[in-house]
Amino acid sequence: MLKLATAALAALLLSVGTAGAQPAAKLNDAEIAHIAYTAGEIDIRSAQLALAKSKNKEVRAFAEDMVRDHKAVNEKALALVKKLNVTPEDNDTSKGLLRQASEKRAELERLSGVDFDKAYAANEVAYHKTVNSALETTLIPSASNAELKELLATGLKIFQGHELHAEHLVEMLR
Amino acid sequence: MLARLCAACALAAITACYPRSDGVAETIRITVDNLAFVPAQVSAHVGDSIEWINNDFVAHTATDRKGAFNVMLPSHKVGTVTLKEAGSFDYYCRFHPTMTGHISVAGD
């Protein structure tokens, strides 16, 4: 079930991974920006759900970190697409991400207390792992614009920290 | 958060101050670039100030592991602390715990 939430990005990785057999359509900067922005929005919404449901101090602090950082990255991304005069484009990956995120959200909404905390933390590990892999192997190498590439690279560095933090949270809730 | 910051300030204010022998306090500047404190290690004297300049677009903190200071560093803003006691201070960013730094403060 955890994998469900990240299947769209995993599919993106796979399609690139098997590019030799069946080349995947190359993503343009507008699509890349939209995928990265959507991925950030999804994590902000998950964090807002955690802030509404969780009473655990560490979980709440983590969720606050997610809102703060992903908002900052997305604000920067919006400013960049405006500057570059690029209109973010919806695409299969971003649509898939949103669809699966809403399924995951429905699953999380049914949980409460420590069950919610554990499921949220585990999903944050899985989600950041997949997003970080997608950034590293697909989105950053595919980006043409240097500023977009740099923003995604900084984002990756921030999100790698989130992944470690989420793993720490999972350990603590065990 | 604010309460903790105030508590840290109050603690710093009531701690005895031992000025350096030449009486000239310095400001030591540490920049925060791309999720790192640069330089990560600095040496100072009691009475000196540390000024962190956050060049990142995300907020950070400079938080002493033993609670001597906890400075908020909003994006593209500066945060300072005046060193009131000698010692060895390991600090980190509470929002991004992989960011770490160290300040050695000489008493004189």
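# Rings, strands and one helix

Guide: Let's start in chain B, where ring pairs link Phe37(B), Trp52(B), Phe69(B), Phe89(B) and Tyr91(B) into a cluster. Keep in mind that this is a predicted model.

Visitor: How do I read a pair of rings, and how many aromatic pairs are found over all chains?

Guide: The general idea is that you describe a pair of aromatic rings by the distance of the centres and the angle of the planes. Searching the whole structure turns up seven aromatic pairs. Take Phe62(A) and Tyr120(A): their centres are 6.1 Å apart and their planes stand at 70°, so we call the pair edge-to-face. Phe62(A) belongs to helix α3 (residues 57-83) and Tyr120(A) to helix α5 (residues 113-142), both of chain A, so the pair ties together parts 58 residues apart in sequence.

Visitor: Are those two residues buried or exposed?

Guide: Phe62(A) and Tyr120(A) are both buried. Back in the cluster, Trp52(B) and Tyr91(B) also make an edge-to-face pair, with 5.3 Å from centre to centre and 70° between the planes. Here strand β4 (residues 49-54) of chain B holds Trp52(B) and strand β8 of chain B holds Tyr91(B), so this pair ties together parts that are 39 residues apart in sequence. Trp52(B) and Tyr91(B) are buried too.

Visitor: Which ring has the charged end of Arg68(A) sitting over it?

Guide: That's the ring of Phe95(B), with the charged end 3.4 Å from the ring centre.

Visitor: Okay, on to strands. How do I read a sheet, and in what order do the five strands of the open sheet in chain B come?

Guide: Strands of a sheet pair through backbone hydrogen bonds, in a parallel or an antiparallel way. In chain B, the order across the open sheet is β3-β9-β8-β5-β6, and the pairing is mixed. The edges are β3 (41-45) and β6 (70-73), each with a single partner strand, so one side of each has no neighbour in the sheet. On average, neighbouring strands of this sheet are turned by 20° against each other, ignoring direction.

Visitor: What joins β5(B) to β6(B)?

Guide: Four bridges, and the two strands run antiparallel. Look for Ala62(B), whose bridge partner in β6(B) is Val71(B). Together β5(B) and β6(B) form a hairpin with five residues between them, and Gly67(B) in the turn has a positive phi of about 90°. β5(B) also pairs with β8(B), antiparallel again, over two bridges. There, Thr63(B) has Tyr92(B) as its bridge partner.

Visitor: Which residues of β5(B) are buried on each side?

Guide: On one side you have His60(B), Ala62(B) and Asp64(B), and on the other Thr61(B) and Thr63(B). That fits the count for β5 (residues 60-64) of chain B, where five of five residues are buried.

Visitor: And β8(B) with β9(B), how many bridges there?

Guide: Six, in the antiparallel sense, between β8 (residues 87-92) and β9 (residues 100-106) of chain B. One to find is Asp90(B), which has His102(B) as its bridge partner in β9(B).

Visitor: What does the secondary structure of chain A come to?

Guide: Six helices and zero strands. Of the 174 residues in chain A, 48% are buried. One helix, α4 (residues 92-109), has 18 residues and reaches 26 Å from first C-alpha to last, close to the 26 Å expected.

Visitor: Where around α4(A) do its buried residues sit?

Guide: The buried ones include Thr93(A), Leu97(A), Ala101(A) and Leu108(A). The buried residues of α4(A) cover an arc of only 150° around the axis, which puts them on the same side of the helix.

Key: Residues numbered from 1 in each chain as written. Chains lettered and ligands numbered in written order. Predicted model: local features only at pLDDT ≥ 70, side-chain atom pairs only at ≥ 80, totals over all residues. Heavy atoms only, no water. Pairing = 2+ DSSP bridges. Axes fitted to C-alpha atoms, helices over the stretch in contact; angles between N-to-C directions. Phe/Tyr/Trp six-rings, centres within 6.5 Å; stacked < 30°, edge-to-face > 60°. Buried < 20%, exposed > 50% of the residue type's maximum accessible area, 1.4 Å probe, protein only. Lys NZ or Arg CZ within 6 Å of the ring centre and 35° of its normal. Expected span 1.5 Å × (residues − 1). Arc of directions from axis to C-beta.
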